[in-house]
Amino acid sequence: MPNRRPPVLRWLWYAMGGGLPRAYSRWVLEDTTRRSWPVRHLARALVQMSPVLLVCLVAVPVVPFAFRAAAAGGGVFLGLLFSAAYMTETTEHRAVKAGWPPGTTARVRAERAARDEVERHARYRRDGAGSYD
């Protein structure tokens, strides 16, 4: 099964919480387990918050823009804080929706952490060099 990235509209659907077809299940697992998975999760959270932020900033003309911007900034802060609190559960749920058994993301991340630990302490194995690839 090839590891292919979804097109932009499907990715937006995925970022908003929708499921992807089975053909993208390997990509979903990689998306939820690569080293940058927390940043990617927070980026998806920003995409989810963007429609509400736009309404706050554009569709409320009676309130001065500084107040609207402050409210939007506070909303982003709280939204990202809440999203970060449930980061592992949300990414696990995404992987399960893509067809992976529960616990797969935690297992893959733990395997990568163990491999990184071995490489960190090995004398000549750096940055994936050697038989640990």
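**Helical architecture, cores and cavity of the predicted model**

Read from one end of the sequence to the other, the protein chain follows the pattern α-α-α-α-α-α. The model is predicted, and its protein chain contains six helices and zero strands. The overall dimensions depart from those of a compact globule: 133 residues arranged in that way would have a radius of gyration near 14 Å, whereas the protein chain has 19 Å. Along the principal axes, the C-alpha trace spans about 65 × 35 × 25 Å. Of the 133 residues, 29% count as buried. Contacts between residues at least 6 apart in sequence were also examined by separation, and 54% of these join residues at least 24 apart.

The buried nonpolar residues were then considered. The largest nonpolar core has six residues, namely Tyr14, Leu20, Tyr24, Trp27, Val28 and Ala98. A second core, separate from this one, comprises five residues, among them Ala45, Met49, Leu53 and Val76. Within the largest core, Tyr24 is a member that also touches Arg4, Arg5, Pro6, Pro7 and Arg10, when residues up to four places away in sequence are not counted.

A search of the whole structure for enclosed space finds one cavity of 30 Å³ or more. The volume of the largest cavity is about 50 Å³. Its lining is formed by Tyr14, Gly18, Gly19, Leu20, Val28, Arg94, Lys97 and Ala98. Tyr14, Leu20, Val28 and Ala98 in this lining are also members of the largest nonpolar core. By class, the lining of the largest cavity consists of four nonpolar, two polar and two charged residues. The charged residues of the lining are Arg94 and Lys97, and the polar ones are Gly18 and Gly19.

Phe82 was examined individually. This residue is found in helix α4, which covers residues 65-85. Phe82 counts as exposed because its relative accessibility is 57%, and the cut-off for that class is over 50%. The C-alpha atom of Phe82 is separated by 9.7 Å from that of Ala45, although the two residues are 37 residues apart along the chain. Ala45 itself is included in the second core, while Phe82 is exposed.

How values were computed: Residues are numbered from 1 along each chain as its sequence is written. This is a predicted model: local features need pLDDT of at least 70, side-chain atom pairs count only at pLDDT 80 or more; totals for chains, interfaces and linings use all residues. Side-chain values use heavy atoms; hydrogens and water are left out. A nonpolar core is a set of buried Ala, Val, Leu, Ile, Met, Phe, Trp, Tyr and Cys residues joined through side-chain atoms within 4.5 Å. Buried means under 20% relative accessible area, exposed over 50%, partly exposed in between (1.4 Å probe, protein chains only). Contact means heavy atoms within 4.5 Å. On a 1 Å grid over the protein atoms alone, a cavity is a set of points where a 1.4 Å probe fits but cannot get out, and a pocket is an open set with protein on both sides within 12 Å along at least five of seven lines; lining residues have an atom within 4 Å of a point. Grid points are joined across faces, edges and corners, and a volume is the space filled by probe spheres set on the points. Helices (H or I, at least four residues) and strands (E, at least two) are DSSP runs, numbered from the N terminus. The radius of gyration is taken over C-alpha atoms; the globule rule is 2.2 Å times the number of residues to the power 0.38.
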